[in-house]
Amino acid sequence: MRLIYKSRILSSDPLALTDILLLSRENNARDDITGCLLRRGRNYVQLLEGPAEEVTACFGRIGGDDRHDDIEVLLHDDTDARLFTDWSMFDARAHDTGQAALDGPDALNVFAGLDAIAARE
């Protein structure tokens, strides 16, 4: 399953993304979820992929997280294919454009699209 959503982060704390990434990586590794998280200002866009039950449960936790507001699902797809096969949660900040770390041209195109969505106000 693949799910993409966008939200606005309520916290102005610059460490909020770091906290979310650390928890995401721990939970996602446990639940066999991979994906990507991008932030532009207070806009977040996240792609989650993995077993449907685990992705659905993960998104339920995100929906209950009071750090997020205006959560909107952009894509819900019942595919088994993964774009971020080696990333429990890809952190775009850790790479110049993310290009070198992505798993091929499909992931790069998705990354560019997610980045464009995150840049919108």
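These exercises, each with a worked solution, walk through one protein chain.

The model is predicted, so local features need pLDDT of at least 70, side-chain atom pairs count only at pLDDT 80 or more, and totals for chains, interfaces and linings use all residues. Residues are numbered from 1 along each chain as its sequence is written, and side-chain values use heavy atoms, with hydrogens and water left out.

**Exercise 1. Sketch the chain.**
State how many helices and strands the protein chain has, and give their order.

*Solution.*
- Step 1: Count the elements. There are three helices and five strands. Both are DSSP runs, numbered from the N terminus: helices are H or I with at least four residues, strands are E with at least two.
- Step 2: Read along the sequence. The pattern is β-α-β-β-α-β-β-α.
- Step 3: Check the contacts, meaning heavy atoms within 4.5 Å. Of those between residues at least 6 apart in sequence, 73% join residues at least 24 apart.
- Step 4: Add the burial. Of the 121 residues, 41% are buried. Buried means under 20% relative accessible area, exposed over 50%, and partly exposed in between (1.4 Å probe, protein chains only).

**Exercise 2. Find the two sides of α1.**
Compare the span of α1 with the expected one, then sort its residues into buried and exposed.

*Solution.*
- Step 1: Take the span. Helix α1 covers residues 16-31, which is 16 residues. From first C-alpha to last it reaches 22 Å, close to the 22 Å expected at 1.5 Å a residue. The expected span is 1.5 Å times one less than the number of residues.
- Step 2: List the buried residues of α1. They are Ala-16, Leu-17, Ile-20, Leu-21, Ser-24, Asn-27, Asn-28 and Asp-31.
- Step 3: Place them. They cover an arc of only 150° around the axis, which puts them on the same side of α1. The arc is that of the directions from the helix axis to the C-beta atoms.
- Step 4: Turn to the other side of α1. Leu-22, Glu-26, Ala-29 and Arg-30 are exposed there.
- Step 5: Recall the rule. An α-helix has 3.6 residues a turn, so residues three or four places apart point the same way.

**Exercise 3. Repeat for α2.**
Name the buried residues of α2 and the elements that they pack against.

*Solution.*
- Step 1: Take the span. α2 has twelve residues and reaches 16 Å, close to the 16 Å expected.
- Step 2: List the buried residues of α2: Val-55, Cys-58, Phe-59 and Ile-62.
- Step 3: Look down the axis of α2. Its buried residues fall within an arc of 95°, so they line one face of the helix.
- Step 4: Find their partners. The buried residues of α2 pack against β1 (2-9), α1, β3 and β4 (68-77).
- Step 5: Check the face turned away. Glu-53 and Gly-63 are exposed there.

**Exercise 4. Inspect two phi angles.**
Say where Asp-32 and Asp-70 lie, and give the phi of each.

*Solution.*
- Step 1: Recall the background. Most residues other than glycine have a negative phi.
- Step 2: Take Asp-32. Its phi is positive, about 60°, although Asp-32 is not a glycine.
- Step 3: Locate Asp-32. It lies in the loop between α1 and β2 (34-40).
- Step 4: Judge its exposure. Asp-32 has 46% relative accessibility, so it counts as partly exposed.
- Step 5: Take Asp-70. Its phi is also positive, near 55°. Asp-70 sits in strand β4.
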